[in-house]
Each structure stands twice: as C-alpha cells, then as structure tokens.
Amino acid sequence: MALAVFDAIAERGTLIAEAGTGTGKTFAYLVPALLAGGKVLVSTGTRTLQDQVFAKDLATLIRALGLRIDAALLKGRQNYLCLQRLALAQAEGRLPSRQEATHLRAIVRFAQVTASGDRAELAEVPESAAIWPLVTSTRENCLGQECPQVEECFVYRARRAAQAADIVVVNHHLFLADLALRDDSVRDFLPASDTVVLDEAHQLPKIAADFFGTGWSLAQLADLAQDARALGLAKAAGGAAWVPLSQGIEAAARNLRLLLAESGLGIGTRIALDRCAARSTLRRGIAGVDETLVALAGAVKANAGRDVELDALAPRLAALRSEIATWIAALDEHAGQGPADPAADEGEEAEETEQRVRWIAVTAHGAQFHATPLAPGEAFARARAQQAQAWILTSATLTLAGSFAPFLAEIGLPQARTERWESPFDFQKQALLYLPRPLPSPLERDFPERVADAVWPVIAAAGGRAFVLCSTLRAVERVAARLKELMGRDGLVLPLLVQGTSTRRALLDEFRRGNAVLVGSVSFWEGIDVRGEALSVVAIDKLPFAPPDDPVVEARIRRLKALGRNPFLEYQLPEAVTLLKQGVGRLIRDERDHGVLMILDERLLGRPYGRTVLASLPAFARTRDEDVARAFFAAPAA
Ligand code: SF4
C-alpha cells in the first residue's frame, strides 16, 4: 500500500485504497507522504481519528524516521474560542440561566491561560452547553481581517500554524467546507498542499451532500437576533430600535415553529417540501421571517460606517435573505399543487432533472431548511478536477462484495485507480458468524423480543461483553426490556446499558469496565473502538438500510429510477453494507481479539441480495448451531 501511495503521489494521481482492519493503513499512507516531501494534508472522518493520527501515528513516525517536519492539527472554527464574541457576551451580561453564567466565568478564566483556545481542553463546560455558540465564531459572524483581535485570535493562530506546517491533520468537515467554498479564509492553506489523504473515505459522500448543500435554520435566526441586539446596544445605541427589531425576528421564528407544529410537522419530522401539504402556511411563516430581516437590514444600513462589527451584519443578513428567497420561490413554484404522491413518482419529468431536494427537519428546539444535492459525487469530482494534487482516499470499508463500482459512482470518480489489501486477521479462527435457526423476520410484531431471545444464550455464554445494535430507538427499548426479563429468569444479572439513559461516553466507559451488555441504535457503533475482551459479541437486529421515507433517501431513489438506474443495487445496498461492515469491524480489532457476530435478519438468507451482503463481510467461520456459538466462548480459538 505504501508503494501504491508513493506512486500516486509521484503522478499526482488519485488512488482509492481499501485496507482491511489491522493492515496498518495509517502508516502505509503517512510514510510515503512524509518521505515524498511537499505539503501534505490528511483528513479524517472523526475527531477521534484526527487526534489519534496527529498525536500518535504521526508523532511516532516523525521520530522514527528522524525527520525535521512541522506538523499541525487544525479543527473547524467552532472548536476554538472567539475572543471577540467572548468580549461581547461579557459586555452584554444577559445570559438566560445561572448555569450559563457559571460556564461563561469558566470560559473567561480558560481564555486567560490557554495556548490553543481549543474548547476540548475545557472539560468543565460540556460540549453541548448552550454558551458555546455565544463564544465561538461562525463564518457569518467572524470579522476576519477587520477584527481588532485578529492577531491574538485562536482560529487565525491555528490557521497560520497550519499554513506554515509541512503536514496538517484536519477532518472532512473542514476539508469539504474548503472545497465547497464555505469558508473563504481556509482557502489560504488547504489548496497549497501537494498531497491530500482522505482517511475514513467511506464517509465522504454523506458529508459531501451536507457541504455541497445549502440551508438555513431557526437557530441561525436566534443567533442573528441575539448578535443584532448585543451589537446594536453596544456599538450604536440610539441608532435604531435594536431590541424590538431583534424581538421581531425571534417572534417570527417562534411563529414559524408554531405554524409547522399546527401543520402536523412535529418534533422529529423530516419531510421533503414537495411532500408537505401545508405549503401555503409555510410560505406565510417564512415570508413573515423575511419581513423582520428586511427591517433589521434597514437599521443596519442606516447605521453603516459606525462600527465594523455592526457593518458585518449586512452581508450576513443578505446571505440569509437570499437563501430564504430560494425557499419562497420554490414555494411559489409549487403554489396550487397538492403534495406529491409517493406512489406516483416514476416518469415525472420534473423529478428527472431535479438536482437537489428541499426538505425540512423539525427538532426539539427548532427547525432546519435544507437543500441537499442528489448527486454529491458530481460536485466532489468537479472539485477534484480543479486540484493538481495527489489524492489518496482510503478506508476499511469501500467495496461491495469486492467491487469498488458503487463507491466510485457515489464519489464521482469512476476512472480512479483502485487497490485492495485484505485484513491480516485470521477471521476463520478469530470470529464466528452465528445465524440462529430460524432467523426472525423484521416484519413480525414481536421482532425485537425475538431478537433478544435469540441473542441471550450467546450473551449468557460470553458473560456479557456484548453490543446489541438495533435499527430504531423503539427497538432499543424493547430489546433491552426483554433482555432484562431474561437475565431475571436465568438469575444472571449483567450490567445492562441502554442508549438514552446516559451520555454515549458514560455508557462506553461503563461498558469498558467489563461484562456489560450495551443496547444501542445503529448509529451508536460509528467511531467506537473497544479492544480486547470487553467486546466479544456484536449482534445486529436488521440489515441497516436507510429508511426509504427519509426525504434525501427518497429523493435519491426517485432520481436514480428516473435515470433508468437501479437505486437499490447502486445506492441503498452499498450504503447498508458499508454501515454493516463498520459495525462488524468493531468486533475484531487486533490479532488477539475474538468474538461472535450475529445478524438477526432473515433477509440475509431469504433474499438474493443476502449473498452480496455475506460476500462483503470478512471470511468468518459460520454456524447456525447455537451450541457451536456458545462453545466458542468455552474454548476460544484465538
Ligand atoms: S477573527 Fe473572527 S474568530 Fe477571531 S476573534 Fe475575531 S471574530 Fe473571533
């Protein structure tokens, strides 16, 4: 793999490399990248891997190779304290709760001692604390070179360090923000690299869809209202009625939220605009928001030139209004039409040319209005074509039954060179795929209970040490309840950790202590690394197909059908298999690990595509016999 990476660097080509768990792929790309010279950018999907590559692998290799190389770690701007906004939050002094005031005091103390301004260093203020948006910056509210604090600014300092470094470790969000021209100031250094390595590349299509998409949200309106009030009062008190103006925006946002609820779009709704029956109500609410923005824009204009921060509200308002205008235009276009009929979606010519789907997500605290591209790979490929660099895309999970074709199509690089390196682990000895007889059918009403019944004997034999991954949160509850019953029945009480009862980190820390059973949803396994004996059973209730009624999934299916292609084979199946392989990859992390995988979905054996799924998994030993599965723990093969 290192030689292939070296060749790709020399040719400034593109290499798509699948390297199974345990191949040492990080070293295989870092060594040639470091030796080839030039500037290198490494991007990872998760922050965990980003920190690991920087602090562990890269540091080790630079030492071992005796290189004099400058390396830098760079995160997205929201990870660093913004000194300007911190000063504003202090000056305003109006925080909604006492807890936020406590957090603000901790942040002020932190700002005086930190060298990096990285909020991850301040453990006492939780990641989810409401104070963070007030003391970190966004592209919209950052003053950039106009900022009086730019010399001391943590964001700019980190970026300058990255600019000067030979190798920079970023994450896909930052990398794609740059490619999608979402953050102009990042442009200064990212394109200057000679080599780009994209690790965890299987995540790129999804993240690309977000970054090449556009949108706005009620949270954005709340931030804007808050900033306008604080800035107006601090910099141009008397210049306009700042408080009523910002209250107007907040009231319009609340009204829109209310209209969504009254239209039946409750918390958790994700709906495509053309499926939404209440479009005229929606238009009224959005137009109401726009009117309040117009009023604020007028006030900002009337005070132009008084203060640079206040002036910076003008482009921010303009960008938000132009995004909102596209929604009003789309709603006008649909005016008078009823909601689209999901059953009558084929052959609709308008759909065929549709390149993005507009959809609404209603959350507990707000709502987001998205326009997501349906072929994110096209934008990705265009961006790739503009860069004369070597690009290495790598991951443990890129192929479907050995074929790169679905990933290449998805990422928009059908001609790229591909290579595969199998995992060196002995899956025949180290792991067992146990498919109980009979396998439950996901269509049955008591499916979650049957899943629990089927996994319990194996969990009991292993003495816990199990992840049970379910497709829905409802299934998580039901499986957990049944497992509790079974533990009581058999007098074998193991720590039962259930998603939603504590934070993810707390559940994982508890799990690592041993002998626990963790029941979580499919999303729970991403980015989790539990090595050794603590995790010896992974049970998955269903093949993890994305819900076909999700607005983006549904629109992508419609588009592929309209193009005469096969959405199931080209999109849904490869996505599900990638996710499944990620989950399976949690089980065996090194040569000493061993464990049992269970997939409790009869479609695996009952449907033709089940063969493709099985052919995509590592070559585990296989059994349908419960005794064999239980005996695996009596006499471990590894
Ligand atoms: S330059 Fe931007 S991020 Fe930095 S302190 Fe100023 S406003 Fe904040």
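# Worked exercises on a predicted model

Arg 465 counts as buried, with a relative accessibility of 14%. In these exercises, buried means under 20% relative accessible area, exposed means over 50%, and partly exposed is in between, using a 1.4 Å probe and protein chains only. The model is predicted, so local features need pLDDT of at least 70 and side-chain atom pairs count only at pLDDT 80 or more, while totals for chains, interfaces and linings use all residues. Residues are numbered from 1 along each chain as its sequence is written, and side-chain values use heavy atoms, leaving out hydrogens and water.

**Exercise 1. Place Arg 465 and Arg 12, and give the phi of Arg 465 and of Arg 12.**

*Step 1.* Start with the loops. Arg 465 lies between α19 and β13 (466–470), and Arg 12 between α1 and β1. Helices here are DSSP runs of H or I with at least four residues, strands are runs of E with at least two, and both are numbered from the N terminus.

*Step 2.* Now the backbone. Arg 465 isn't a glycine, yet its phi is positive, about 55°. Arg 12 also has a positive phi, near 55°. As background, most residues other than glycine have a negative phi, and most peptide bonds are trans.

*Step 3.* Check accessibility. Arg 12 is partly exposed at 40%, whereas Arg 465 is buried at 14%.

**Exercise 2. Find the cis peptide bond that leads into Pro 438.**

*Step 1.* Look at the bond from Arg 437 to Pro 438: it is cis, with omega near -5°.

*Step 2.* Then locate Pro 438, which belongs to the loop between β12 and α19.

**Exercise 3. Work out which residues of α1 are buried and what covers them.**

*Step 1.* Helix α1 spans residues 2–11, and its buried residues are Ala 4, Val 5, Ala 8 and Ile 9.

*Step 2.* Why do they share a side? They cover an arc of only 140° around the axis, which puts them on the same side of α1; the arc is taken over the directions from the helix axis to the C-beta atoms. The general rule helps: an α-helix has 3.6 residues a turn, so residues three or four places apart point the same way.

*Step 3.* Flip to the face turned away from the buried side, and you get the exposed residues Leu 3, Ala 10 and Glu 11.

*Step 4.* For the cover, use contact, meaning heavy atoms within 4.5 Å. The elements covering the buried residues of α1 include β1 (14–19), α2 (25–36), β5 (195–198), β10 (390–395) and β11 (417–421).

**Exercise 4. Repeat the analysis for α26 (626–634).**

*Step 1.* Ala 629, Phe 632 and Phe 633 are the buried residues of α26. Their arc is only 90° around the axis, which puts them on the same side of α26.

*Step 2.* On the face turned away from that side sit the exposed residues Asp 627 and Ala 634.

*Step 3.* The cover over the buried residues of α26 includes α19 (447–462), β16, β17 (595–599) and β18 (621–623).

**Exercise 5. Describe where the ligand sits and which kinds of residue surround it.**

*Step 1.* The ligand sits in the largest cavity. On a 1 Å grid over the protein atoms alone, a cavity is a set of points where a 1.4 Å probe fits but cannot get out. Sitting in it means that more than half of the molecule's atoms lie within 2 Å of its grid points.

*Step 2.* List the shell, counting residues with a heavy atom within 4 Å of the ligand. Among them are Cys 82, Leu 83, Gln 84, Ser 137 and Tyr 156. The elements giving two or more residues to this shell are α4 (83–92) and α7 (154–164).

*Step 3.* Sort by type: eight are nonpolar, three polar and none charged. Nonpolar covers Ala, Val, Leu, Ile, Met, Phe, Trp, Tyr, Cys and Pro; charged covers Asp, Glu, Lys and Arg; the others, Gly among them, are polar.

**Exercise 6. Compare the settings of Glu 152 and Asn 303.**

*Step 1.* Glu 152 is in the loop between α6 (132–135) and α7, and is partly exposed at 39%. Leaving aside neighbours within four places in sequence, Glu 152 contacts Leu 83 and Arg 157.

*Step 2.* Asn 303 falls in the loop between α12 (279–302) and α13 (308–311), and is buried at 3%. Residues touching Asn 303, not counting those up to four places away in sequence, include Ala 236, Trp 242 and Leu 310.

*Step 3.* Finish with C-alpha separations. Glu 152 and Cys 82 are 70 residues apart in sequence and 9.8 Å apart in space; for Asn 303 and Gly 232, it's 71 residues along the chain and 9.3 Å.

Technical notes:
A residue is near a molecule or strand if one of its heavy atoms lies within 4 Å of it. On a 1 Å grid over the protein atoms alone, a cavity is a set of points where a 1.4 Å probe fits but cannot get out, and a pocket is an open set with protein on both sides within 12 Å along at least five of seven lines; lining residues have an atom within 4 Å of a point.
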